[in-house]
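Subject: Handing over a structure, with notes

Dear colleague,

I am passing on to you the structure we spoke about, since you will be looking after it from here. Please open it first and keep it beside you while you read the notes.

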Amino acid sequence: LQGIFVLGLPYALLHSGYSGLFLIILAAAPCCYTGKILIACLYEENEDGQLIRVRDTYEDIANACCKKLFPRLGGIVVNVTQMMELIMTCILYMVVSGNLLSHSFPSVPVTEKTWSVIAFVTLLPCVFIKTLKIVSKLSQLCSLVHFVIILVVMTYCLTQTHQWSWAKFRLSIEFEDFLVSVGVIIFSYTSQIFLPTLEGNMKNPEEFRRMLNWTHFFACVLKSAFALSAFLTWGKETKEVITDNLPSFLQGLVNLCLLIKALLSYPLPFFAATEIAFACISRGSHPRYRSRLFALSVRGSLLLLTLLMAMFVPHFALLMGLTGSVTGAAMTFLLPSLFHLKLKWKKLAFLEKCADISVFILGFLCSLAGIVCSIKGLLEVFG
């Protein structure tokens, strides 16, 4: 929930003003809610009224919703959507790593693509990751590095409080700029794609809902404080990635931390993508598809794919924006609310049904707005 997108929140405030600040605070609620209802779809009541986990993955939920008409269609759609989002996320971290390396060592006569290859080499050990336990340790280190970045930026901002002014906030906003800000803010909270695996691996799954409440609450507080202090410091000079606003003596340290964070962030989406790939390939297949050599081949192929796309796909940021508008909104808002209505309709209270329908409409509008903005950007680039 404190991913690299947090660094773009001050820029989102530049384009959305007070409405963006309120959105940062309010967006945590629907994202937390869809996480809870998604996990609720994994459970059914037995004859004694006890909740039993009868499904393990997002795919299982989708297949349960479509079993009467198209037994496998739901799972296929979900798996394709998940893989697109996860692979795109991995590529983003590869691109960011190459970019940060080139900016950290400008005197070295090496192209950004070559730096991406170097980043790829450091990520090769990912092919040997087999369990979420290892990923959790790396993610923990990633979180610590992230807090160092936040601490450095906010400490500098607090030294500039003498120039803070609420007059920097915009009262009137342009609708298109606001839509871009909505996408940045809402999708900085998304984590639904990882939740079924995460909840299934928890030592105490009964604490999942409480964990989700507290993490979203603290994410909301930290995002709001960070975005607000940074925007009040730089105002109209706020750049897309706020660390670019820092004075040169801090930029080197922060860029190094960002590089470490990007590399440590890579294993989580990569592990999730490989798990989906293995589940699709090995289901009902020959035992050799479950061998260690085959597993290494699949992981290595996915790792190489992310490098090649990071190096050779033009206008990747715009393409990712278009893909993210579809997959992000679908996995975060559309599918959880739709599946919850389908599987739990008879047991839901009226207000719960209204909440699910409202979230579905919100997801549809966010997706539509993101698609329009991304396509417009692509058309401008290609003339």
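The notes below take up helix packing and then a few single residues.

Please bear in mind throughout that this is a predicted model.

Helix H9, which covers residues 208–234, is a good place to begin, and three of its partners are described here in turn.

The partner I would look at to start with is helix H1, residues 9–26, whose axis comes within 10 Å of that of H9 and crosses it at roughly 140 degrees. Since angles over 145 degrees would count as roughly antiparallel, this angle makes H1 oblique to H9, and the crossing of the two helices is left-handed. On the side of H1 the contact is made by Leu9, Pro10, Leu13, Leu14, Leu21, Ile24 and Ile25, while H9 contributes Cys220, Lys223, Ser224, Phe226, Ala227, Leu228, Ala230 and Phe231. Sorted by class, the contact of H1 with H9 holds 13 nonpolar residues, one polar residue and one charged residue.

Within this contact you may wish to pick out Ala227, which belongs to helix H9. Is Ala227 buried or exposed? With a relative accessible area of 0%, Ala227 is buried, and, leaving aside neighbours within four places in sequence, Ala227 is in contact with Leu9, Pro10, Leu13 and Ile24. Looking along the chain from there, Ala227 and Glu237 are ten residues apart in sequence, and their C-alpha atoms are 14 Å apart in space.

The next partner is helix H2, residues 28–40, which packs against H9 at an angle of about 160 degrees, with the two axes 10 Å apart. That angle makes H2 roughly antiparallel to H9, and in this case the crossing is right-handed. Here Ala28, Cys31, Cys32, Gly35, Lys36 and Ile39 of H2 meet Phe208, Arg209, Leu212, Asn213, His216 and Cys220 of H9, and the residues of this contact divide into seven nonpolar, three polar and two charged.

The remaining partner in these notes is helix H6, residues 132–158, whose axis comes within 9 Å of that of H9 and crosses it at roughly 40 degrees. This makes H6 oblique to H9, and the crossing of H6 and H9 is left-handed. The residues that meet are Phe147, Ile150, Val153, Met154, Tyr156 and Cys157 in H6, and Leu222, Ala225, Phe226, Ser229, Ala230, Thr233 and Trp234 in H9. By class, the contact of H6 with H9 has eleven nonpolar and two polar residues, and no charged ones.

Two residues in loops also deserve a place in this handover.

Gln192 lies in the loop between helix H7 (175–187) and helix H8 (195–201), and, with a relative accessible area of 1%, Gln192 is buried. Which backbone oxygen lies 2.7 Å from a polar atom of the Gln192 side chain? It is the backbone oxygen of Cys31, a residue that also appears in the contact of H2 with H9. Not counting residues up to four places away in sequence, Gln192 touches Cys31, Thr34, Gly35, Leu38, Tyr58, Met331 and Thr332.

Thr131, for its part, is found in the loop between helix H5 (112–122) and H6, and at 38% relative accessibility Thr131 counts as partly exposed. Thr131 and Asn201 are separated by 70 residues in sequence, whereas in space they are 9.9 Å apart, C-alpha to C-alpha.

With best wishes

Definitions and conventions
Residues are numbered from 1 along each chain as its sequence is written. This is a predicted model: local features need pLDDT of at least 70, side-chain atom pairs count only at pLDDT 80 or more; totals for chains, interfaces and linings use all residues. Side-chain values use heavy atoms; hydrogens and water are left out. Axes are lines fitted to C-alpha atoms, for helices over the stretch in contact, and angles run from 0 to 180 degrees between N-to-C directions. Helices (H or I, at least four residues) and strands (E, at least two) are DSSP runs, numbered from the N terminus. Angles under 35 degrees count as roughly parallel, over 145 as roughly antiparallel, 65 to 115 as roughly perpendicular and the rest as oblique. A crossing is left-handed if the near helix is turned anticlockwise from the far one by less than a right angle, and right-handed if clockwise. Contact means heavy atoms within 4.5 Å. Ala, Val, Leu, Ile, Met, Phe, Trp, Tyr, Cys and Pro count as nonpolar, Asp, Glu, Lys and Arg as charged, and the others, Gly among them, as polar. Buried means under 20% relative accessible area, exposed over 50%, partly exposed in between (1.4 Å probe, protein chains only). A polar contact is a pair of N or O atoms within 3.5 Å; within protein, one must be able to donate a hydrogen and the other to accept it, and residues adjacent in sequence count only if both atoms are side-chain atoms.
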